Amino acid sequence: MTGGATMTLLELSREDAVASAPLPTMMVDEDGSDALEEDLKVFERQSAEYKCEDAKYLVGDRVYNKQYAQLYFMRLHQLSPVILAKVKELWPGVPVRKILEVEPGVECAVVGTLYKEAKLKPSVLSEYAKDKSLQAHLQGTKFVSGDDSLVLEDEGARMQLGGSRLSPGDFVSGICVAVKGTETEGGHFEVSDVCFPGPAPQPRLEAAHAAGAGAGGAPRGEEGKFVAFVSGLNLGGEKQDSLP
């Protein structure tokens, strides 16, 4: 101590405690390197081979001659037998009709593809709009509104759907369903119930249940590797392209 400074008993006890604290002891390994006496657990980072296959998802030249009609028709063709089987079980005795066979005032069931008519949905025609005065009407902050409606389409025709049982806000275009109801005098089909095809049959993953298999179907003692990266969605972004 210098300058005639004095230390209290509390300060002396703190200094003695620090001075008497044991330091970590060192030991020398066989190879001559120093190490702490306590064992240090080393975590090894797992590695996996990676091959970039995202080229097919990149947006290239825009082509407008390909439409979704063929995809919708094929989906309806494959799901119709599944929906019809559920209709017979859910609504026994209710006749199933095509849209062109529906009679006013007669209750029936119709199988088809839903199409959501949304006035705010971007149209490909906006790509060719030259009139600047139309841009304010073509650009919106949302694509749904209270004026949206649902249309059912089969292989031969379309019909407008109505009724409180079917809310446009709960559906998107392309869903295959069966609707039960009656055609009104105004030409709308008043829906009283809806039948969905349900989830597709899920095959059993034999590898995951095989004897000696660990997590993710990997051999016992090895952990499966699951990695997913999602980027660039720009959901809600001001510069999001609505027509990729």
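Thr113 sits in strand S3, where helices (H or I, at least four residues) and strands (E, at least two) are DSSP runs numbered from the N terminus. The structure is a predicted model, in which local features need a pLDDT of at least 70, side-chain atom pairs count only at pLDDT 80 or more, and totals for chains, interfaces and linings use all residues. Residues are numbered from 1 along each chain as its sequence is written, and side-chain values use heavy atoms, with hydrogens and water left out.

Is Thr113 buried or exposed? Thr113 has a relative accessibility of 5% and so counts as buried; buried means under 20% relative accessible area, exposed means over 50%, and partly exposed lies in between (1.4 Å probe, protein chains only). Contact here means heavy atoms within 4.5 Å. Leaving out residues up to four places away in sequence, Thr113 touches Tyr72, Leu76, Val151, Leu152, Glu153, Gly174, Ile175 and Cys176. One of these, Cys176, is also the bridge partner of Thr113 in S6.

That pairing is part of a bigger picture. Strand S3 (residues 108-117) and strand S6 (residues 176-183) run antiparallel and are joined by 6 bridges; two strands count as paired if DSSP finds at least two bridges between them. Going round in the order S3-S4-S5-S7-S6, 5 strands close into a barrel with mixed pairing. On average, neighbouring strands of this sheet are turned by 55° against each other, direction ignored. Axes are lines fitted to C-alpha atoms, for helices over the stretch in contact, and angles run from 0 to 180 degrees between N-to-C directions.

Further round, S4 and strand S5 (residues 158-162) run antiparallel too, with 3 bridges between them. Val151 stands opposite Gln160 in S5. With 4 residues between them, S4 and S5 make a hairpin. S5 and S7, on the other hand, pair in the parallel sense over 2 bridges, and Leu161 has Phe189 in S7 as its bridge partner. A helix joins the scene as well: H2 (residues 69-90) lies across S3, strand S4 (149-153), S6 and strand S7 (189-195), running at about 135° to S3.

How many salt bridges does the structure hold? There are 3, a salt bridge being a side-chain nitrogen of Lys or Arg within 4 Å of a carboxyl oxygen of Asp or Glu. In one of them, Glu155 pairs with Lys98, and the closest N and O atoms are 3.3 Å apart. This pair links distant parts of the chain, with Glu155 in the loop between S4 and S5 and Lys98 in the loop between H2 and S3, 57 residues apart. Lys98 has a relative accessible area of 43%, so it is partly exposed.

Glu153, one of the residues that Thr113 touches, forms a salt bridge with Arg158, the closest N and O atoms being 2.6 Å apart. Arg158 counts as partly exposed because its relative accessibility is 44%.

The side chains of Asp193 and Arg165 also meet in a salt bridge (3.3 Å, N to O). Here again distant parts of the chain are linked: Asp193 is in strand S7 and Arg165 in the loop between S5 and S6, 28 residues apart. Arg165, at 42% relative accessibility, is partly exposed. Apart from neighbours within four places in sequence, Asp193 is in contact with Leu90, Trp91, Arg165, Ala178, Val179 and Lys180. Asp193 and Ser164 are 29 residues apart in sequence, and their C-alpha atoms are 9.9 Å apart in space.

What about disulfides? A disulfide is a covalent bond between the sulfur atoms of two cysteines. The cut-off used is a pair of cysteine sulfur atoms within 2.5 Å, and a search of the whole structure finds 0. Among the cysteines, Cys52 is partly exposed, with a relative accessible area of 47%, whereas Cys195 is buried at 4% relative accessibility.

Finally, a word on confidence. pLDDT is the predictor's confidence in each residue, from 0 to 100. The protein averages 74, and 65% of the residues score at least 70. Over residues 1-5 the pLDDT is below 50, and this stretch has 1 contact in the model beyond near neighbours in sequence. Residues 9-15 also stay under 50, with 3 contacts beyond four places in sequence. Among the elements of the protein, S6 has the highest mean pLDDT (94) and helix H1 (residues 9-20) the lowest (48).
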